[in-house]
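Here's a quick briefing to read alongside the model. Have the sequence and the structure open as you go through it.

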Amino acid sequence: MRDVAVVAFAQTVHTGHDTGLAEPELLLPVIDEVKRATGLKRFGFTCSGSCDYLAGAPFSFVSALDAVGAWPPISESHVEMDGAFALYEAWVRLQHGDIDTALVYGFGKSSMSDIREIMTLQLDPYYLAPLGLDQVSYAALQAAAVNADRAALDEIVRRSRADGRANPYALDLPDPSGEEFEVEPLRPYDVAPVTDGAAAVVLAAGDHARELAGRPAWITGIAHRAEPHYLGMRDLARSVSTAEAGRAAGVGKGPVDVAELHTQFSHEEPILREALGLSGDVTVNPSGGPLAANPVMATGLIRIGEAARRILDGSADRAVAHATSGPCLQQNLVAVLDQSL
Amino acid sequence: MPSEESLVAAHVLEFPGGYTRTTGPVIGRFLTELRDRRLVGVRTAGGRVLVPPLEYDPDTGEPVTEEYVEVGPAGTVQAWAWVGSPRPGHPLDRPFAWALIRLDGAGTALVHAVDAGSPKALRPGLRVRPRWRAATTGHITDIECFLPEVTSLVAPVRAEYRVTPGRALTRFLEGVRDGRFVGGRCAACVAVYVPYRVSCPACGSVIEEEVEVAGTGTVTTFAINNLPDPRAPEVPFVSAYVLLDGADTPMIALIGGVPAHEVRQGMRVRAVWLPPEERTLSMANVKWFEPTGEPDADLDESTGGAR
C-alpha cells in the first residue's frame, strides 16, 4: 500500500439558514484555503461528493467545478454521496502510483428543501419510498430498536451542542429542552440541524505529504462496508457494517485519542461506539459533530477533516473518523488517522 | 450576510404522472400477489423467507430460490416509532406508528404503518393485521396500514334506579336544608353519630336523641383526587373526613378555598353554605369546607370514630 495522508482541511462557517450563496460560492473559500495551506494550485486528482436532489437539479455538481478551475482539463470524479466516500475514491486513485496529490470536497445546502422528505427519495422505490417513510421516521425506528436510554441521549445532545458552541464553524444551539417528540422516541433535538456548508481536504502520498505538512495525518486504514438496504432485513440495534469496516481499518490496533462519528441522530452514537469498540473514555465528536452542524454531503468528510486536524495540530496522535450513507447507517466508512505510519 | 433583497424562486422537481419502473420477476410476484390481497415471501437457498422478497439473499448475495411462501396476513410488531404529527406524504392523516412487522412465517420484518390510535396501544410483540385498500393495484400501499388484532371489546353497562334516602338520611338532609348538621346520640355508648341515624352501629341500640353539631370541625384524613367528578368543582379536588365539633364520627366532605397541597390532617375547617334561597334537600347545600384559619387541632384528641 502507498502511504497517503491528509495534509490540509478547511470548512465553511456553517449556517442554519440559506445565506444567499450558490454552491460554487459556498465552496470557493474552502478550496482557496486548502490551496493556500498547501501551496498547491493543481492536483493529480479531484473528487467531490454531493447530492443533486439537495438542489433539485441534475448534474448540479458540475457547476461546483467552477470553484476548482477545470481548464486545462483536470482528472475529476464525483460520487452522489458524502464527500467522505469521494475521499475513499481519491485514496484508491492515489494507490495507482501515478499521481501524488488529490483534492476532495463535499458540499450541500439542506436549507433549500425539506431534507426529511428529500431523504425519502434515496429509499427503494418499490417497498419503502411509496410509503412516504421520511428520514426522521426511519431513524426513530432504529432508535426504538436500540432502545437507548433517554438520559444518555439527552447527555449526548447536551455535550454535542456545548462542544458545537465552542467550535467557530458549528452552529450555536442551546442546551436541549422540551418533552415533545418529533417521531417518538426521538425528540426534535435528537435530530441533526438543517445546515448549509462545505468542506475540502487535500490528500498527498509519501514524501509529498511530508513536504506539505509538518505532521501529516497518515491514513493507516480506511474501509467501507454496506448492509442490506431494506430495514427489516437487518438488526437495526447494531451496525455490523461499521464493525466490519472498523476491523478492516484497524481501529482496535492501537489506542484511540479521539473519534469523529457521523451521528445525524443522538441514538447513533451508542450504536457506533459499540460497533467500533470505543470505550466510554474515548472522546467522541469534540467538534460537536453532526448534532451541532450537519452540512449534508460534507458532514462525513468533515469527520475525517476534524480527526485529521487534531493530528496535524499535534493535539492527538491517533484518531478515528466515521462517515455514513443510506437509511439507518446502511453504509459505513471508517478511517484511522495516525501521526506515524 | 443574507441580503434584504435576496432573490428566491420556487422550484419543483417532478416526474409528471410518476416515474415508470419495471419490477423484475421477484418484486413483481410480490406486488401481483398483493393485488390479490395475498402476502408472499421468497425462500432463500438457506431457507430464510424474505418478506418483502428480494432477488438476492442479503446474507450471501446468492439468487433466491423460486419458492414463494404465503405469509401472514397477521404479524408481530418488533419495533415501532410514533408519528404524532403526520406529514403530507405519510400514509395516514392521523397519528400512527411506523413499525417493523414480522409477518407469520416470514424470516424478516416488513416496514409499514400501524393505525393504533395511541402510542399506548403499541408494544413489541403486538399482533397486527393488514387493512386492505378498497381497490388494489399491485402497490405496497394496497395495504393501507396494519391494525392491532382484536384483544378486547367495550361492553355497555347501564341500569336505571329510583333511590330514596330512608328516614334517617331524610332527617339529616332536612337539617342541611335549614343550614344545620343533625346527629344522633346513642344513650348507651354516649357517642354522637353524624349524619343522623336511627340505630347505633356499635351497640345496636335505638337512637332516641337528636343533637345539632357545629358547622366547624377538623380534617382527620383526606385524599387528593385527580379524576373529574360531577360533584366536585374542579380537578384536583380534595375529599376529606371532617370531624365536626360535637360529633364522634367524621363525615366525608369536599375541602375548598385552599390549594390541594396545603390541606393537612388537623386542619380546622368550616362549612360554606349556599345562600338559603338556593338550598334543597341535598348535601349540595354545603359547597365545601374551607379553612377557618385557626391553629391546627391536635389529632390525638380528634381522631374521630365512635368510641
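Val150(B) is exposed, because just 8 other C-beta atoms lie within 10 Å and a residue with 12 or fewer counts as exposed. Bear in mind that this is a predicted model. The rest is grouped below by topic.

**Around Val150(B)**
- You'll find Val150(B) in the loop that runs between β8 (143-148) and α2 (166-177) of chain B.
- Arg127(B) sits 23 residues away from Val150(B) in sequence, and the C-alpha to C-alpha distance between them is 8.9 Å.

**Domains of chain B**
- Chain B splits into domain 1 (24-148) and domain 2 (166-301).
- Measuring between C-alpha centres, domain 1 of chain B and domain 2 of chain B are 62 Å apart.

**Where chain B meets chain A**
- On the chain B side, 33 residues are in contact with 29 residues of chain A.
- β4 (75-83), β5 (96-103) and β6 (110-114) of chain B each put in at least two residues, and β4(B) gives the most, with five residues.
- By class, that side of chain B has 20 nonpolar, 11 polar and two charged residues.

**Domains of chain A**
- Chain A is assigned domain 1 (4-114 + 194-212) and domain 2 (115-191 + 220-338), with their C-alpha centres 21 Å apart.
- Between them, 33 residues of domain 1 of chain A are in contact with 30 residues of domain 2 of chain A.
- On the domain 1 side of that contact, α4(A) gives the most, with six residues.
- That same side of domain 1 of chain A has 18 nonpolar, 12 polar and three charged residues.

Definitions and conventions
Residues numbered from 1 in each chain as written. Chains lettered and ligands numbered in written order. Predicted model: local features only at pLDDT ≥ 70, side-chain atom pairs only at ≥ 80, totals over all residues. Contact = placed C-beta atoms within 7 Å. Helix = DSSP H or I, 4+ residues; strand = E, 2+ residues; numbered from the N terminus. Nonpolar A, V, L, I, M, F, W, Y, C, P; charged D, E, K, R; others polar. Buried ≥ 20, exposed ≤ 12 C-beta atoms within 10 Å, placed from the backbone. Domains from an automatic or database assignment.
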